[in-house]
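Subject: Handing over a structure

Hi,

Here is the structure I promised to pass on to you. Please have a look at it first, and then read on for what turned up.

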Amino acid sequence: MEIDVQARDFTLTDGLAQAIVGAAKHYGSTFRRIVRKVAVRVYDLNGPRGGADKGCLVVADLVDGRVIVSSDVDTDLYRAIPRAFAKLKRGTQSRRQRLHARRRSSGTVPREGALRG
C-alpha cells in the first residue's frame, strides 16, 4: 500500500509524520486486500493568522476504484489523526460489507478471504 503524506501551511515534524505513518500502516494492515493507496493531508485551518484548529484529511483509494474520505479537526493533531483514521476504518468496513452483501445476493460466492481486510 502506498502512503502519501503532506502538510499544508506548516512544517511536518518527525513526531507527526511518525503518528500519521503509524496510523496509515495500521489501517492498511487491517484492509490490505482492498486498499491501494492512502493520502493524508494535515493542515492549519487558520493558517498564518494563528489559532488552534488543526485538521487531518484522509483519502483511501480502494482496489475497486472507489474512494473513501474522512477528516477530523481538533486543537491537537495528535488527537485529530487517529479520529480521522477511525472514521476511515468505519467507512471502509461499510464498503466491504456492501460488496459482500451484493455478491451474496447476486449468487456469486466470493472465494475464501477475498473480502477480508
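Let me start with the aromatic residues: Tyr27, Phe31 and Phe85 make up one aromatic cluster. Please keep in mind throughout that this is a predicted model. A search of the whole structure gives 2 aromatic pairs. In one of them, the ring centres of Tyr27 and Phe31 are 5.2 Å apart and the planes meet at 50 degrees, so this pair counts as tilted. Stacked would need planes under 30 degrees apart, and edge-to-face over 60. Tyr27 also pairs with Phe85, again in a tilted arrangement, with 6.2 Å from centre to centre and 55 degrees between the planes. That second pair links distant parts of the chain, as Tyr27 sits in helix H1 and Phe85 in helix H2, 58 residues apart.

How accessible are these rings? Tyr27 is buried, at 3% relative accessibility, and Phe31 is buried too, with a relative accessible area of 0%. Phe85 is likewise buried.

Two of these names come back in the core. The largest nonpolar core holds 22 residues, and those with the most contacts inside it are Tyr27, Val38, Val40, Cys56, Val58, Ile81 and Phe85. H1, strand S2 (35-44), strand S3 (54-62) and H2 each give two or more residues to this core. H2 provides the largest share, with 6 residues.

Val58 is a good residue to click on if you want to see its surroundings. Leaving aside residues up to four places away in sequence, Val58 touches Val38, Ala39, Val40, Ile68, Val69, Ser70, Ala84, Phe85 and Leu88. Among these partners, Val38, Val40 and Phe85 are also on the list of core residues with the most contacts.

Now to the sheet. It is an open one of 4 strands in the order S1-S2-S3-S4, and its pairing is mixed. S1 and strand S4 (67-74) are the edge strands, each pairing on one side only. On average, neighbouring strands are turned by 10 degrees against each other, with direction ignored. S3 and S4 run antiparallel to each other and pair over 8 bridges. One residue to look at there is Cys56, whose bridge partner in S4 is Asp72. Cys56 is also one of the core residues with the most contacts.

Two further spots may interest you. Which residue has a positive phi although it is not a glycine? That is Asp9, with a phi of about 70 degrees. Asp9 lies in the loop between strand S1 (2-8) and H1, and with a relative accessible area of 66% this residue is exposed.

The other spot is Gly28, which is placed in helix H1. At 9% relative accessibility, Gly28 counts as buried; the cut-off for that is under 20%. Gly28 and Ile3 are 25 residues apart in sequence, and their C-alpha atoms are 9.2 Å apart in space.

Finally, a word on confidence. The mean pLDDT of the chain is 87, and 84% of its residues reach 70 or more. Among the elements of the chain, helix H1 (residues 14-30) has the highest mean pLDDT, at 97, and helix H2 (residues 77-106) the lowest, at 87.

Enjoy looking around, and do write back with any questions.

Best wishes

Key:
Residues are numbered from 1 along each chain as its sequence is written. This is a predicted model: local features need pLDDT of at least 70, side-chain atom pairs count only at pLDDT 80 or more; totals for chains, interfaces and linings use all residues. Side-chain values use heavy atoms; hydrogens and water are left out. pLDDT is the predictor's confidence in each residue, from 0 to 100. Buried means under 20% relative accessible area, exposed over 50%, partly exposed in between (1.4 Å probe, protein chains only). A nonpolar core is a set of buried Ala, Val, Leu, Ile, Met, Phe, Trp, Tyr and Cys residues joined through side-chain atoms within 4.5 Å. Contact means heavy atoms within 4.5 Å. Two strands pair if DSSP finds at least two bridges between them. Axes are lines fitted to C-alpha atoms, for helices over the stretch in contact, and angles run from 0 to 180 degrees between N-to-C directions. Rings of Phe, Tyr and Trp (its six-membered ring) pair if their centres lie within 6.5 Å; planes under 30 degrees apart count as stacked, over 60 as edge-to-face and the rest as tilted.
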